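Here are my notes on the structure you asked me to look over, set out as numbered points. Please read them alongside the sequence and the coordinates.

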Amino acid sequence: MAKMHVISGVGDKLDMPVIHHISLADLGDVLRRGAADFWAKPSHYVLLMLIYPVIGIVLTVWMNGWHAWTLLYPLIGGFALLGPIAALPLYEVSRRLEMGENPSWRDAMSVLKSPALGSILAVGAMLFVLFTLWLTSAQALYETLFGASPPRTLDALLAQILTEPAGLTLLAVGTALGALFALVVLCTTVIAFPLLLDRDVGAYVAVETSFRAVMHNRVPLFAWGVIVGAAIFLGSIPLFVGLAVVLPILGHATWHLYRKLIEPVSLIRDA
């Protein structure tokens, strides 16, 4: 029976990557590199440019039909929570561009054949649990403040938030709650998926390494979290259309962030 290495990786002992210290200036560099990777393969994103407007229309129709406008803000925040999973093909494109290859769509989707797929799914399942908890918490907060009867239109929701006393409480507490979930995701997965694609270290090491990276680089990585959250929010405003550009650039940039944070295996072996 094949050895299961979803949690601990393929080796006989845990592979604990060496972490580098980075600065705020490095964030600008990884964003520039991410944008360069995006423009290197722009044809890869034609489908994305169609998908996100469709998502926006579908969500609008769903929220209007089911009077679920109270979930609009949490769903936008959900892109930040689930973004690391959606960006998996983008990490692979950046990895192959880094090696001088000319990756195709098929190459990008080769992540589905990664030897670390089990570990990737394990960390992904953790993110889906956090996403579900976030939606549940956001809905519970709304019902605590306004009751169980949701507004029937977006205009009614905005009027409720902007004119009623509990509106500011909803905005403040909801934003703080969302920031808490985003912080957990940042600390546990900021580089977990790129690490698993690059080195099959197991889910535990991927999450632990992400946490150590944040603890060693609190200011730049907290700033990175703010950049990601703000970019996703702004990209979501026009029916999610902006995410067709925002998410690919952030995904590619995350790969380069990983490269700056983690010592390559070749350098460790040569030392």
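1. Which residues are linked with Lys 260 in a network of salt bridges? In this model, which is predicted, the network joins Asp 26, Asp 29, Arg 32, Arg 33 and Lys 260. Within it, Lys 260 pairs with Asp 26, and the closest N and O atoms of the two are 3.4 Å apart. Lys 260 lies in helix 12 and Asp 26 in helix 1, so this salt bridge ties together parts that are 234 residues apart in sequence. Lys 260 itself is partly exposed, with a relative accessible area of 23%.

2. Helix 12 takes part in another salt bridge, that of Arg 259 with Asp 198, where the closest N and O atoms are 3.0 Å apart. Because Arg 259 belongs to helix 12 and Asp 198 to helix 9 (residues 192–198), the pair ties together parts that are 61 residues apart in sequence. Both partners count as partly exposed, Arg 259 with a relative accessible area of 26% and Asp 198 at 27% relative accessibility.

3. A salt bridge within a single helix is formed by the side chains of Glu 208 and Arg 212, with an N to O distance of 2.9 Å. Both residues lie in helix 10, four residues apart, which is about one turn of the helix. The count for the model comes to 11 salt bridges.

4. As for the overall make-up, the protein chain has 13 helices and zero strands. Of its 271 residues, 45% count as buried, and the accessible surface comes to about 13,600 Å², of which 71% belongs to carbon and sulfur atoms. Among contacts between residues at least 6 apart in sequence, 77% join residues at least 24 apart.

5. Helix 11 (residues 218–236) has 19 residues and reaches 27 Å from its first C-alpha to its last, close to the 27 Å expected at 1.5 Å a residue. Its buried residues are Pro 220, Leu 221, Trp 224, Val 228, Ala 231, Ile 232, Gly 235 and Ser 236. These residues are on the same side of helix 11, because they cover an arc of only 135° around the axis. They pack against helix 1 (24–40), helix 3 (72–86), helix 8 (165–189), helix 10 (203–216) and helix 12 (243–261).

6. What does the face of helix 11 turned away from its buried side carry? That face carries the exposed residues Val 219, Val 226 and Leu 234. Leu 234 also contributes, with Tyr 73, Phe 233 and Ile 237, to a nonpolar surface patch of about 420 Å². Phe 233, which is likewise found in helix 11, counts as partly exposed at 38% relative accessibility.

7. Two buried residues may be worth viewing in their surroundings. Ser 94, in helix 4 (residues 88–98), counts as buried at 1% relative accessibility; leaving aside residues up to four places away in sequence, Ser 94 touches Asp 37, His 252, Trp 255 and His 256. Cys 187, in helix 8, is buried at 10% relative accessibility and, with residues up to four places away in sequence again not counted, touches Val 207, Ser 210, Phe 211 and Val 214. Cys 187 and Gly 225 are 38 residues apart in sequence, and their C-alpha atoms are 9.6 Å apart in space.

Terms used:
Residues numbered from 1 in each chain as written. Predicted model: local features only at pLDDT ≥ 70, side-chain atom pairs only at ≥ 80, totals over all residues. Heavy atoms only, no water. Helix = DSSP H or I, 4+ residues; strand = E, 2+ residues; numbered from the N terminus. Expected span 1.5 Å × (residues − 1). Buried < 20%, exposed > 50% of the residue type's maximum accessible area, 1.4 Å probe, protein only. Arc of directions from axis to C-beta. Contact = heavy atoms within 4.5 Å. Patch = residues over 30% accessible without salt bridge, like charges linked within 9 Å, V, L, I, M, F, W, Y side chains within 5 Å. Areas by Shrake-Rupley, 256 points an atom, 1.4 Å probe, with all protein chains shown as cover. Salt bridge = Lys/Arg side-chain N within 4 Å of Asp/Glu carboxyl O.
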